[in-house]
Amino acid sequence: MRIVIGAPGNGATLKDELKAQLEADDRVTSVVDLSSRDITYPQVSFLAAHAVLDGTADREILVCGTGIGTAIAASKVKGVRAATAHDLVTVRGSIENYDAQILCMGQNAITPVAAKALIDVWLDLRHDPGSSYGAKLEEIDHYEATN
């Protein structure tokens, strides 16, 4: 799996720990870090969203202070679903139910140990388009395309 990761300064510490975990994981074929010293959370979010749309990445992780700002910004890019998740239920739902391409986490909202455990689960999750959520995602996609 090809992963893109990114963070502004207020997410850099957790991002670095997650990046090291991903680079050591056999399920991950590449990790691209979009972070830079002075990047803002909207900038890194937009870059990440376009990377998933253009096929550079299969999934992405964005880290800011709360995970909310990056999710809002990334979701502004048409065709992208970003979800903030900090527990097993929301991480599983982000992929299994909502097929979110981008997982957003907050450095101020989750410990590195917990985030790493959730990323380990996240890497194995898959969305089933035939599930009851498949039709709902089609409804959302249709709305986005026509409005």
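"How many bridges join strand β1 to strand β2, and do those strands run parallel or antiparallel? Four bridges join them, and the two strands run parallel. β1 covers residues 2-6 and β2 covers residues 30-33. If you want one pair to look for on screen, take I3, whose bridge partner in β2 is V31. Keep in mind, please, that this is a predicted model.

Okay, what sits between those strands? Helix α1, residues 12-23, and together β1, α1 and β2 make a right-handed β-α-β unit. While we're on strands, a quick reminder: in a regular strand, side chains alternate between the two faces of the sheet.

Now let's zoom out to the whole chain. We have six helices and five strands here. Walk along the sequence and you read β-α-β-α-β-α-β-α-β-α-α, so the pattern begins with a strand and ends on two helices by the definition of these elements.

Next, overall dimensions. The C-alpha trace spans about 40 × 30 × 25 Å along its principal axes. For 147 residues, a compact globule would have a radius of gyration near 15 Å, and the chain comes in at 14 Å, which agrees. As for burial, 44% of the 147 residues count as buried.

On to the pocket. The largest pocket has a volume of about 200 Å³. Which elements give two or more residues to its lining? Those are β4, residues 82-84, and α6, residues 132-146. α6 gives the most, with four residues. If you'd like to click through the lining, the residues include S75, G79, V80, R81, A82 and A83. Y98 and A100 also line this pocket, as do L137, I140, D141 and E144. What's the mix by class? The lining has seven nonpolar, two polar and three charged residues.

One last stop, T40. Where is T40 placed? In the loop between β2 and α2, with α2 being residues 41-53. Is T40 buried, exposed or something in between? T40 has a relative accessible area of 36%; buried means under 20% and exposed means over 50%, so T40 counts as partly exposed.

And how far is T40 from E144, going by C-alpha atoms? These two are 104 residues apart along the chain, and their C-alpha atoms are separated by 26 Å. E144, remember, is one of the residues lining the largest pocket.

That's my tour, thanks."

Conventions. Residues are numbered from 1 along each chain as its sequence is written. This is a predicted model: local features need pLDDT of at least 70, side-chain atom pairs count only at pLDDT 80 or more; totals for chains, interfaces and linings use all residues. Side-chain values use heavy atoms; hydrogens and water are left out. On a 1 Å grid over the protein atoms alone, a cavity is a set of points where a 1.4 Å probe fits but cannot get out, and a pocket is an open set with protein on both sides within 12 Å along at least five of seven lines; lining residues have an atom within 4 Å of a point. Grid points are joined across faces, edges and corners, and a volume is the space filled by probe spheres set on the points. Ala, Val, Leu, Ile, Met, Phe, Trp, Tyr, Cys and Pro count as nonpolar, Asp, Glu, Lys and Arg as charged, and the others, Gly among them, as polar. Two strands pair if DSSP finds at least two bridges between them. A crossover is right-handed if, with the strands pointing away from the viewer, the path from the first strand over the helix to the second runs clockwise. The radius of gyration is taken over C-alpha atoms; the globule rule is 2.2 Å times the number of residues to the power 0.38. Buried means under 20% relative accessible area, exposed over 50%, partly exposed in between (1.4 Å probe, protein chains only).
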